[in-house]
Amino acid sequence: MTALLEQTFRDHWGRVLAALVGFLRDFDLAEEVAQEAFARAAERWPREGIPASPGAWLVATARNRAVDRIRRDRTLAAKYKLLDVSQAAEEEQMQETTFSDERLELLFTCCHPALATDAQVALTLRTLGGLRTEEIARAFLVSQATMAQRLVRGKRKIKAAGIPFRIPPAHLLPDRLTAVLAVIYLIFNEGYDGRPDLATEAIRLGSALVELMPDEPEVFGLLALMLLHDSRRAARLRDGELVLLANQDRALWDAGQIKAGRAALERALALHGRATGGGYVLQAAIASLHVEDTRDWAQIAALYGELARLTSSPVVELNHAVALAEAQGLEAGLAAIDGLHELEAYQYFHAARADLLRRLGRPVEARAAYNRALELVRSEPERRFLADRVAGLARRND
Amino acid sequence: MKYMLLIHQGTTPLPGSPEWERLSEAEQGAVYGAYKAINETPGVTPSSVRMQPPETATTVRVKDGQTLSTDGPFVEVKEALGGYLFYEADDLDAAIELAARIPAASMGGAIEVRPLAE
């Protein structure tokens, strides 16, 4: 029962909270009464069973709590007269009906560009993901007090600055959707290295978003991208050592996730989402090619080229160059990499150069490039991987 | 919601300056036109005064009972306030949209949108 309860709570938190924020227009009050309603459910449901419509039960109970609180506050009582319904009647009525899904409104509010990015991320995880403050703090390696402060400040700004609780109108939607997708992808990337709970959470948010915005190709593109990346999570490390894609044990890839990722990609392509937006569809198409039995490097290089034109990102150019090396030969790849001077401070620029130089039989230059990468590397498995490669060069020289 | 929009001129060419003279007549007309349209937008209360340029400002502090006056604005000249207006709007999105229409926002300056206490 406890596990079932916990699952039910997690499944409903976002929708329940969104409905309450929509109704009360007050994040703090909504969160407090939602918590009380969940606590009451934890007490009653094990005895009485889970109601037919748990979400509606939770919303009704929380609303009643809010009404009680507001009644206690006499100065506000007049403002909220519309809430003046007897508790029993309200509960009964709410259990019969469904309540509207306002998660999208909540998501757009939390990801409003007038909020700092770290606040957007924290608010999204707290309100839609239902993560507790200490869980978010742990995931982002900050103290609980710092994270609590970040959430308080964010909620205060939403209220004081008049950030609207709504889906943006058509002329604002493309920009605002980009911001939402960026927050979800940021959460995913935080989770990609070592904190899988965040990656799982990002995929949950992405899945909810495709349900809510079934006509947006980039939304499907992002979900596809995250699923396809995450499918290889178990194979990326072996005994704590980094394993390159070509050497990964395919038996460890999650076939279900790959299938789901490709289905989302198909949907995105069917919506003609390839050449527009933030490039998630293109990135997902590339990720899908990477999990084919034999990698089609010409196709991968072509898609990276398209993505580079779309994003003008030198990091994408680097990936393009690496694909070119496989598709057209090591020299072609090296020439392309050597043109990317703006990546001088980027670890993977030197690592990719080093790899091509090593394979071209130019060990002295390869070593210099590996050493530059080693100066910049942050993750321990990646450091060991590069050090191994340098040691391999030394052996060959002897 | 009531907002105060603080206009920071930044490097925006101001009438009378050589940079302003380098703008074509059409460009100058567009700036005046845009400000006129903003001032006529429902909900907007334009400031009733015009400020002299920030170079003419004096900044005053009191330390140990002594008044200290220094030349120039409190912040850097290019960050100084050049004007303001008030806007009564439904929400922050509406205020941001109005702010984006203020010529200074796209000519080298920036607009700070500040909600007013009720």
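These legends cover close-up views of a predicted model. Local features need pLDDT of at least 70 and side-chain atom pairs count only at pLDDT 80 or more, while totals for chains, interfaces and linings use all residues. Residues are numbered from 1 along each chain as its sequence is written, and chains are lettered from A and ligands numbered from 1 in the order in which they are written.

**View 1. The contact between chain A and chain B.** Chain A gives seven residues and chain B gives five residues. Contact means C-beta atoms, placed from the backbone, within 7 Å. On the side of chain A, six residues are nonpolar, one is polar and none is charged. Nonpolar covers Ala, Val, Leu, Ile, Met, Phe, Trp, Tyr, Cys and Pro; charged covers Asp, Glu, Lys and Arg; the others, Gly among them, are polar.

**View 2. The two faces of helix α3(B), residues 92-101.** Helices (H or I, at least four residues) and strands (E, at least two) are DSSP runs, numbered from the N terminus. L92(B), A95(B), L98(B) and A99(B) are buried. They span an arc of only 125° around the axis, so they lie on the same side of α3(B). The arc is taken from the directions from the helix axis to the C-beta atoms. E97(B) and A100(B) are exposed, on the face turned away from the buried side. Buried means 20 or more other C-beta atoms within 10 Å of the residue's own, exposed 12 or fewer, with C-beta atoms placed from the backbone.

**View 3. Packing around α3(B).** Its buried residues pack against α9 (144-161) of chain A. In chain B they pack against β1 (2-8), α2 (25-39), β5 (81-88), α4 (103-106) and β6 (110-115).

**View 4. Strand β1(B) and its partners.** β1(B) runs antiparallel to β5(B), joined by seven bridges. Here K2(B) pairs with E88(B). β1(B) also runs antiparallel to β6(B), with six bridges. L5(B) faces V113(B) there. Strands pair if DSSP finds at least two bridges between them.

Methods
Two residues are in contact if their C-beta atoms, placed from the backbone, lie within 7 Å.
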